[in-house]
Each structure stands twice: as C-alpha cells, then as structure tokens.
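Me: I have a structure here that is new to me, and I would like to get to know it by asking questions. Could you walk me through it step by step?

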Amino acid sequence: MKTKECPHCKTKNPKAAVFCKRCGALFRIEEELDNTVDEKTMNKKNIIALVLCAVLLVAAFLVFKSGSSPKTEKVTEAPTQSTTAASTLPTTAPPTTAVPTTTQPSTTEVLTLPTLPPTTQPTTAKPTTTAAPSESEIQEICDEYNALIESLKYSEYEISVHKTVEIGLEITDFSIPVSTSTLNTFVGRLIPKTDETYTFSGETANENSSIVLADYIPPLNTSADVTADCLKNAVKSSDGTITLTFKEDKSTFADRKTTPPPYVSTATEYLNFETYALGTVAVSKADMTYPETVITVEVDSYGDITKLTIRQPVDLKCTGGVGALSADIGMKLDAHSVFEVTYL
C-alpha cells in the first residue's frame, strides 16, 4: 500500500489520508490549494502558512461553545464533506431561467421559511395582535429565568444532563487570494459535534470530578443576571416555557483584552480570545457581533428546568497570523446548544 510520511512527526500514513493518524496534522493543503492561489501576488509558502493560521483560528473559535475542557469532552467528528461548514446557514439560490428541467432530489437539508397557502377569496377578518409585554413584565420573566438557572446550577437533586452542541460555520472573507470555498472545505473537516451525558449527585459529575455543575450550566463561573435592558422580548407560555430574545450585542478584542458583550454575557458564553491557547497563532484584534441570541427554558409540572436551549449566531471579523504573516478573516458562526435535564 502506498504511504506518505507526515512532515511533523514522520509517521507513515495512507497515501489518501487527509489528517496524520498520530499527530492530526492536515495533509493535502498544498495540492488542494494549487489551483486557487495567485502566486503572482504572494509567495506560495506564505499563503499556505496563512491558510493554516485561518484553520487554527477557526478551530479555536469552536472551543467557546464546547463547554467543558476539550480533554474531558466526548466529541465525534463531523462527516468530511465539503458542504459541512455552512450546512446550518441558509443560502440564497441564484435566479433561474424559465426552461423546464428535471430536478434531482436534494440530499442536503436546507433551512426554509414556511410559505402561506394562496388565498382564493378576500377575507374580512382582522388579524389578531398580541400586545408587547411591558418593561416590568419582561423584568418579571427575567427574574423567574434567573431563579430557574440558579436552582439548576446548585441543584440538590441527583440529575443527569445530556448536552449537545452543533456549530455551523462559514468563512465569508479572507484577505489573501485563496478561494473561501476551499477554506470552508478544510473548516468542515474540523467542526466537532458535542454529544455527552454526565450525572451529578452533588457539586461535581460522577464520571469526572473536575466537571462542576455550577460551571457546566451557562453562564460559566457566574449566576445568570439577565435584565429587561438586555432583551428585545421575553415570553412565558401557558406551560411555563420561557423564551428570551436578546438585543444585538457587540464585543471587541484589542491590546490582549476582550470587552465582553454586555447583554449576552449575562446569560451565556461568548468569544473570549484571552482564554484561547493558539500556539504560534496570534490574534491582534477582533470584532464580534451577536445579532440575536435566543434562549429557551422548558420546565416540568414542579417548575424545574427540563431543557435549556441556546441559539447564538455570531458575525466575526479578526486579524491574526503567524510571525510576520498576517491576514484578515471574516466568519459567520451559528452555535446551537441544548442541555436536557433528567431528575433521578
């Protein structure tokens, strides 16, 4: 069988390998970028170094939604398909001509908005409207949400927490002449899906004493402190489900300091470059926008949380590099975290 040697650890790998089976180094970067690099603009080796930088940055960004330390997580890799990176992000189809065609069934799940059935007759019924909650009503819902999270983080019951995290990510801009679709192919191979379950019969997990319940439930290392000022809207349904929709929020990283997003940070995690170990990769500055974070809690008949869902899109622009090499990169990230709680 034909093999190739890893340039980093010298391990023999199958010829068609994408990653080194020992150290995890990426292969085929040079051969796959040959047709996308403008060699007249920049030395090829420098471009490849910057591409590696971008991939490492992407991998680091995924950490902020992975919860506990990567050493303790049970992570399964996503399928290695070139469409993985942007699979959760809706796309806009280009206009087509009016030529009849035979459409093949799609194998990719696309998020689409529901369409209303055509109206054949005019209706005279007036649309029903729901009055927007007042600021005091929103604050009451916030207070109840904060108390529910506090009760869960310091629960006296034996509970099982099943956590899943799915991340959609797309590189939208890159300041050097490399195809973003090629970059997204590499990124798609790196995106993990977290799927883990821990049982807590006290402050720590039975399976791993380093995992603390109070820090496992977001926000980490602190209690929830959501106020009406943070939100666009808050709704409590008849079954006790609470949905919080946050205002657009912003955060920056500069001079080795991250400015937390004032609204989002009261309830969940955010991109914090101060805590990332990027090795030789250095981020000099970054701008993060959280357009609309939505958090939902479901409760049982006793008023205890049974499910916590966090949907958090992020638009990111940053500058980073290796040594003297530097590049600007833009990304769209969509993190979907679910905590399912069972009381034992």
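Me: Which aromatic cluster does Y216 belong to, and who are the members?
Reply: Happy to start there, with a reminder that this is a predicted model. Y216 shares one aromatic cluster with three partners named here together with it: Y198, F200, Y216 and F339.

Me: How many aromatic pairs are there, and what is the distance between the centres of Y157 and Y343?
Reply: The count comes to four aromatic pairs. Y157 and Y343 form one of them, with planes at 90 degrees, which makes the pair edge-to-face. Their ring centres are separated by 5.9 Å.

Me: How far apart in sequence are the parts that Y157 and Y343 tie together?
Reply: Y157 sits in the loop between α3 (135-153) and β4 (159-174). Y343 belongs to strand β13, residues 325-343. The pair therefore links parts of the chain whose separation in sequence is 186 residues.

Me: Is Y157 exposed or buried, and what about Y343?
Reply: A residue needs over 50% relative accessible area to be called exposed. Y157 has 51%, so Y157 is exposed. Y343 has 26%, so the term for Y343 is partly exposed.

Me: What kind of aromatic pair do Y216 and F339 form?
Reply: The ring centres of Y216 and F339 are 6.1 Å apart, and the angle between their planes is 90 degrees. An angle over 60 degrees is the cut-off that matters here. The pair is therefore edge-to-face.

Me: Which elements hold Y216 and F339, and are these two residues buried or exposed?
Reply: Y216 is in helix α5 (residues 213-216), while F339 is in strand β13, so the pair ties together parts 123 residues apart in sequence. As for their surroundings, both Y216 and F339 are buried.

Me: Which residue lies over the face of Y263?
Reply: Here a charged side chain meets a ring, at 5.7 Å from the ring centre of Y263. The residue in that position is K247.

Me: How many salt bridges are there, and which residue does K236 pair with?
Reply: The total is eight salt bridges. In one of them, the closest N and O atoms are 2.8 Å apart, and the partner of K236 is E144.

Me: What does the pair of K236 and E144 tie together, and how accessible are the two residues?
Reply: K236 lies in strand β6 (residues 231-236) and E144 in helix α3, so their bridge ties together parts 92 residues apart in sequence. K236 has a relative accessibility of 42%, so K236 is partly exposed. With 31%, E144 is also classed as partly exposed.

Me: Which strands are joined by the salt bridge of E166 and K193?
Reply: The side chains of E166 and K193 meet with 3.2 Å from N to O. E166 is in one strand and K193 in another, so the bridge links parts 27 residues apart in sequence. The strands are β4, for E166, and β5 (residues 192-200), for K193.

Me: Which side chains of strand β8 are buried?
Reply: In a regular strand, side chains alternate between the two faces of the sheet. Strand β8 (residues 249-254) shows this alternation: K250, T252 and A254 point to one face and are not buried. The buried ones, on the other face, are D249, S251 and F253.

Me: How do β8 and β9 run, and which turn residue has a positive phi?
Reply: Three bridges join β8 to strand β9 (residues 257-259), and the two run antiparallel. A254 stands opposite K257 in β9. The strands form a hairpin with two residues between them, and the turn residue with a positive phi, about 55 degrees, is D255.

Me: Is T296 buried or exposed, and which residues does T296 touch?
Reply: T296 is part of strand β11, residues 294-299. Its relative accessibility is 19%, and the cut-off for buried is under 20%, so T296 counts as buried. Leaving out residues up to four places away in sequence, T296 touches T241, I242, T243, K307, L308 and T309.

Me: How many helices and strands does the protein have, and what percentage of its residues is buried?
Reply: The secondary structure comes to five helices and 13 strands. Of the 344 residues in the protein, the buried share is 41%.

Terms used
Residues numbered from 1 in each chain as written. Predicted model: local features only at pLDDT ≥ 70, side-chain atom pairs only at ≥ 80, totals over all residues. Heavy atoms only, no water. Phe/Tyr/Trp six-rings, centres within 6.5 Å; stacked < 30°, edge-to-face > 60°. Helix = DSSP H or I, 4+ residues; strand = E, 2+ residues; numbered from the N terminus. Buried < 20%, exposed > 50% of the residue type's maximum accessible area, 1.4 Å probe, protein only. Lys NZ or Arg CZ within 6 Å of the ring centre and 35° of its normal. Salt bridge = Lys/Arg side-chain N within 4 Å of Asp/Glu carboxyl O. Pairing = 2+ DSSP bridges. Contact = heavy atoms within 4.5 Å.
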